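This report introduces a protein model to a reader who has not met it before. Please consult the sequence and the structure shown here while reading.

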Amino acid sequence: MHLVVKQFHGLHRTCFSRYSYLIDRCWWIRSFNFFKIVHAQLVKVGFNHHTFLGNRSIELYCHYGILDDALKVFDDIARKNCVSWNICLKGLFQFGHLDSARLVFDEMPVKDVVSWNSMISGYLSYGDTGNALGFFSKMQNAGVRPSQYTFSILMSSVSCACHGKQVHGSIIRSGMNSSNVVIGNSIISMYGRLGLLDYAFAVFLTMEEVDVISWNSLIWGCYRSGYGELALDQFCFMRTTRHSPDQFTISTVISVCCDMRDLRKGVQILNFSIKLGFFSNSIISSAAIDLFSKCNRLEAAERLFKELDQRDSALYDSMISSYARHGFGEAAMQLFALMMRENLRPTEFTFSSVLSSLSDFLPADQGVHLHSLVVKVGMESEAIVASSLVQMYSKVGLIKDAMKIFANLVEKDLVSWNTIIMGLTFNGCVLKALDIFEELISKGPQPDRITLAGVLLACNYGNFVDEGMKIFSSMEKDYGIIPGEEHYSCIVDLLSRAGKLKEAMDVIEAMPCEPSFTIWGSVLRGSLVHGELELGEKVAEKMTELEPNSSLPYSVLARAYEMRGRWENVIRVRKAMKDKSPNSPIGCSWIGIRNHVYIFKADQLVHHGGRDIYLALRLLFWQMKVENYI
């Protein structure tokens with residue numbers, strides 16, 4: 001490499017095209033050391049002031065992550081053109097210097113469409129939709145005509161219907177309407193992502209020409225919006241046209257069948273994909289594994305996975321998540337270990353699946369080891385991985401570790417907020433959960449039904465009746481969310497525990513659907529705790545109608561009669577319980593110690609290490625007596 005530099009130094013001291021060739025060579029061989037030699041030579045012969053060579057040097061310094069040197073090169077350029085400023089803008093956004101990028105933009109003598117696009121895409125890359133749309137508006141006011149790329153980056157990033165319609169209106173005013181296939185496809189995809197299917201279909205039907213991507217965007221939009229049958233209908237219509245489905249089409253419709261748990265249609269589509277020669281594609285194979293797993297055909301998913309000759313990360317992700325979904329945490333861990341031995345880099349979805357299986361049945365130290373691996377591969381800041389870590393630590397009671405991970409997240413999505421609110425609630429930190437909810441309202445994304453269910457649960461656990469009723473009453477007005485069964489369940493349980501049984505019954509009567517067994521169970525427990533035995537008997541009767549084989553209403557009633565000395569009723573209820581629910585489920589708990597899980601069943605007389613446990617209990621009782629606690 002040094003010989004090449006010396007040759008050009010000796011023969012072409014004044015020919016900058018040769019130095020351009022050397023910079024090209026730096027890109028090809030990917031050598032930063034070689035580029036430093038070339039740049040030193042540029043400075044030596046005075047070509048560092050040249051615009052074209054300077055621009056290319058800025059690009060290379062940014063590529064290698066050396067922003068300070070890139071800015072020095074920018075300052076050295078004698079006559080900066082628009083390209084120089086644009087490359088500098090891109091570099092500043094690349095390294096997160098948003099304020100500096102704005103100052104540079106304001107100093108630009110001439111701003112072209114690329115300059116405006118750099119500002120818009122830069123802000124969007126950091127989730128700042130407000131500033132991005134602000135610059136888009138300023139761009140139009142400045143008389144700069146937006147390009148196809150401008151609209152493309154905006155449509156891929158807008159997150160609310162209002163902004164999406166504004167961008168669509170701007171496209172129409174600019175003359176780039178949906179007759180342009182690329183623009184039309186982007187609009188369909190945007191409306192599908194926003195759940196505005198009527199608008200997506202309107203754009204699709206007005207397009208002069210459509211292609212496979214148009215159909216894919218429409219099918220995906222139906223699937224994304226929760227209309228699985230409609231997505232399958234569009235797939236059938238597509239097959240009647242001259243457009244043949246591609247691999248993305250097949251993977252999408254298989255995913256539709258997964259969500260619908262429709263194994264028959266899913267297998268038909270798989271057979272169709274084999275006919276087209278797509279089945280060897282890992283994305284389709286992964287979708288097939290998901291299909292069998294979600295339709296409770298785990299053995300078929302395992303068989304398919306083992307029959308595949310070549311396995312990539314996507315296939316391992318699907319199989320690991322299948323094991324985790326069915327509660328086979330140990331199998332998920334073994335497959336993850338095999339994946340690592342085959343030198344396949346785990347993805348964020350791999351870690352998420354493995355962590356979810358860990359948090360359900362293995363000891364906490366297993367999760368800590370996996371967390372260390374997450375940090376080692378640099379995925380701790382990934383939202384899906386961070387949320388899984390928060391969930392894992394929350395489930396094993398290490399809520400401080402969960403809070404630490406949440407606090408260190410640079411970009412918090414709604415899943416992260418929901419996970420920490422639920423984690424704090426289940427660990428009894430209800431006041432902190434409500435504080436986090438207030439923080440979400442002030443600076444986070446719009447809450448969804450899961451968020452509000454978590455907050456109502458926190459109010460329930462903390463006995464915050466007024467706060468809970470306030471949030472429940474304002475759900476539709478403030479957040480646009482119609483209360484579902486999970487929200488009614490929380491608020492009825494909250495009122496019943498507080499002894500406000502009349503208010504609980506009023507809420508039940510106002511429900512748009514029939515109350516579930518769980519909701520009546522809350523009223524039953526509340527009525528008996530607060531002495532409303534007559535109401536409890538009526539509720540227990542309703543519960544036995546809903547689930548005749550459940551022992552819960554009988555056992556609660558029997559306990560209430562027993563406390564009041566009504567022994568005839570106790571015998572009658574226990575006999576009915578024995579007749580109606582002879583095979584009632586047995587409760588159990590478990591604990592992990594030194595990589596082993598010990599399960600304790602309610603009807604188990606002798607547990608693991610039972611003798612030692614009872615000896616320890618006797619010792620504790622003796623010590624309590626000595627110290628006059630009992």
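Accessible areas come from the Shrake-Rupley method with a 1.4 Å probe, and for residues only the protein chains shown count as cover. By this method the protein exposes about 33,600 Å², of which carbon and sulfur atoms supply 54%. The model is predicted: local features need pLDDT of at least 70 and side-chain atom pairs count only at pLDDT 80 or more, while totals for chains, interfaces and linings use all residues. Residues are numbered from 1 along each chain as its sequence is written, and side-chain values use heavy atoms, with hydrogens and water left out.

**Overall architecture**

The secondary structure comprises 37 helices and two strands; helices (H or I, at least four residues) and strands (E, at least two) are DSSP runs, numbered from the N terminus. Of the 630 residues in the protein, 46% are buried, where buried means under 20% relative accessible area, exposed over 50%, and partly exposed in between (1.4 Å probe, protein chains only). Contact means heavy atoms within 4.5 Å. Among contacts between residues at least 6 apart in sequence, 57% join residues at least 24 apart.

**The core**

A nonpolar core is a set of buried Ala, Val, Leu, Ile, Met, Phe, Trp, Tyr and Cys residues joined through side-chain atoms within 4.5 Å. The largest one has 168 residues, and Ile120, Ile254 and Ile420 have the most contacts inside it. Leaving aside neighbours within four places in sequence, Ile254 touches Ile269, Leu270, Ile284, Ala287, Ala288 and Leu291. In soluble globular proteins, nonpolar side chains tend to be buried together.

**Helix H35**

The twelve residues of helix H35 (residues 552-563) should span 16 Å at 1.5 Å a residue, and the end C-alpha atoms are 17 Å apart, which agrees. The expected span is 1.5 Å times one less than the number of residues. Buried positions in H35 are Pro553, Tyr554, Val556, Leu557, Ala558, Ala560 and Tyr561. Just after H35, glycine 565 takes a positive phi of about 75°.

**Positive phi in two loops**

Two residues other than glycine also have positive phi.

| Residue | Phi | Loop between | Relative accessibility |
|---|---|---|---|
| Arginine 261 | about 55° | helix H16 (247-260) and helix H17 (263-276) | 46%, partly exposed |
| Asparagine 296 | near 60° | helix H18 (282-294) and helix H19 (298-307) | 60%, exposed |

**A residue in helix H37**

Leucine 617 belongs to helix H37 (residues 610-626). Leucine 617 counts as partly exposed because its relative accessibility is 37%.
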